[in-house]
Amino acid sequence: LSAANTGLDGTGTIVDGPTGATDGTRVNFIKIKAQVTTTTGMIRIYIKKSGGSYRIYDEANVTAITKSATVRAYEYTYRPPDDLFLQSGDVLSFSTEKSEAIKVWVSTEDLS
């Protein structure tokens, strides 16, 4: 993720993550790790229903951190407040509020 997208309405640059398997997919957690110095902002998490449009699901705060040899870059493990379940064809997607390089890993469990 790296393109700035200040919207919450599902428009703008959004990066697709995993797609729900035939019998569904449970999202256990999402690890977010900055590759650069960060400023205060948000990572936005969307769900795109099969054949539908992006809808905001939640946000994760990004804190301002100047990474260095002694200071770790921003990192956060997001745990969904409820069971986050992707039905077949649903897509979990992300955007950044600021134009900063962020990596996202998603831990999933296919229920097939």
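Two strands count as paired here if DSSP finds at least two bridges between them. Strand 2 and strand 5 pass that test, with four bridges joining the two in an antiparallel run. One contact to look for is Ile32, which sits opposite Tyr76 in strand 5. Keep in mind while you browse that this is a predicted model.

**How confident is the prediction?**

The protein chain has an average pLDDT of 94, and 100% of the residues score at least 70. Among the elements, strand 5 (residues 75–78) has the highest mean pLDDT, at 97. The lowest mean belongs to strand 8 (residues 102–110), at 93.

**Strand 2 and its partners**

Back to strand 2, then, which covers residues 25–34. Besides strand 5, strand 2 pairs with strand 8 in the antiparallel sense, over nine bridges. Strand 6 (residues 84–86) is another antiparallel partner, joined to strand 2 by three bridges. On that side you'll find Val27 standing opposite Leu84 of strand 6.

Phe29 is a handy residue to click on, since it belongs to strand 2 and stands opposite Ser107 in strand 8. Is Phe29 buried or exposed? Neither label fits: its relative accessibility is 29%, and buried means under 20% while exposed means over 50%, so Phe29 counts as partly exposed. Phe29 also has a far-off sequence position at hand in Glu109: the two are 80 residues apart in sequence, yet their C-alpha atoms are 10 Å apart in space.

**The four-strand open sheet**

Now for the other set of strands. Four strands form an open sheet in the order 1-7-3-4, with antiparallel pairing. Which strands stand at the edges? Strand 1 (15–19) and strand 4 (54–62) do, and each has a single partner strand, so one side of each is left without a neighbour in the sheet. From one strand to the next, the twist averages 25°.

Inside that order, strand 3 is joined to strand 4 by eight bridges, the two running antiparallel. Strand 3 is also joined to strand 7 (residues 91–96), again antiparallel, by six bridges. On the strand 4 side, Lys48 has Tyr54 as its bridge partner, and Ile45 has Asp58. On the strand 7 side, Ile47 stands opposite Leu92. The hairpin of strand 3 and strand 4 has five residues between the strands, and Gly51 there takes a positive phi near 80°.

Here are the strand pairings in one place:

| Strand pair | Sense | Bridges |
|---|---|---|
| Strand 2 and strand 5 | antiparallel | four bridges |
| Strand 2 and strand 6 | antiparallel | three bridges |
| Strand 2 and strand 8 | antiparallel | nine bridges |
| Strand 3 and strand 4 | antiparallel | eight bridges |
| Strand 3 and strand 7 | antiparallel | six bridges |

**Strand 3 and burial**

Why is strand 3 described as largely enclosed by the rest of the structure? Six of its eight residues are buried, and that is why the label applies. Arg44 lies in this strand, and Arg44 is buried because its relative accessible area is 6%, with the cut-off for buried set at under 20%. Arg44 and Asn5 are 39 residues apart in sequence, with 9.0 Å between their C-alpha atoms.

For a contrast, look at Thr13, in the segment before strand 1. Thr13 has a relative accessible area of 43%, which makes it partly exposed. Its C-alpha is 9.2 Å from that of Ser2, a residue eleven positions away in sequence.

**The cavity**

How many cavities of 30 Å³ or more does a search of the whole structure find? The search turns up one. The largest cavity holds about 50 Å³ of space. Strand 3 (residues 41–48) comes up again here, giving the most to the lining, with three residues.

The lining residues include Gly41, Met42 and Ile43, along with Thr39 and Val62. Others in the lining are Thr96, Glu97, Lys98, Glu100 and Ile102. Sorted by class, the lining has four nonpolar, three polar and three charged residues.

Conventions. Residues are numbered from 1 along each chain as its sequence is written. This is a predicted model: local features need pLDDT of at least 70, side-chain atom pairs count only at pLDDT 80 or more; totals for chains, interfaces and linings use all residues. Side-chain values use heavy atoms; hydrogens and water are left out. pLDDT is the predictor's confidence in each residue, from 0 to 100. On a 1 Å grid over the protein atoms alone, a cavity is a set of points where a 1.4 Å probe fits but cannot get out, and a pocket is an open set with protein on both sides within 12 Å along at least five of seven lines; lining residues have an atom within 4 Å of a point. Grid points are joined across faces, edges and corners, and a volume is the space filled by probe spheres set on the points. Ala, Val, Leu, Ile, Met, Phe, Trp, Tyr, Cys and Pro count as nonpolar, Asp, Glu, Lys and Arg as charged, and the others, Gly among them, as polar. Axes are lines fitted to C-alpha atoms, for helices over the stretch in contact, and angles run from 0 to 180 degrees between N-to-C directions. Buried means under 20% relative accessible area, exposed over 50%, partly exposed in between (1.4 Å probe, protein chains only).
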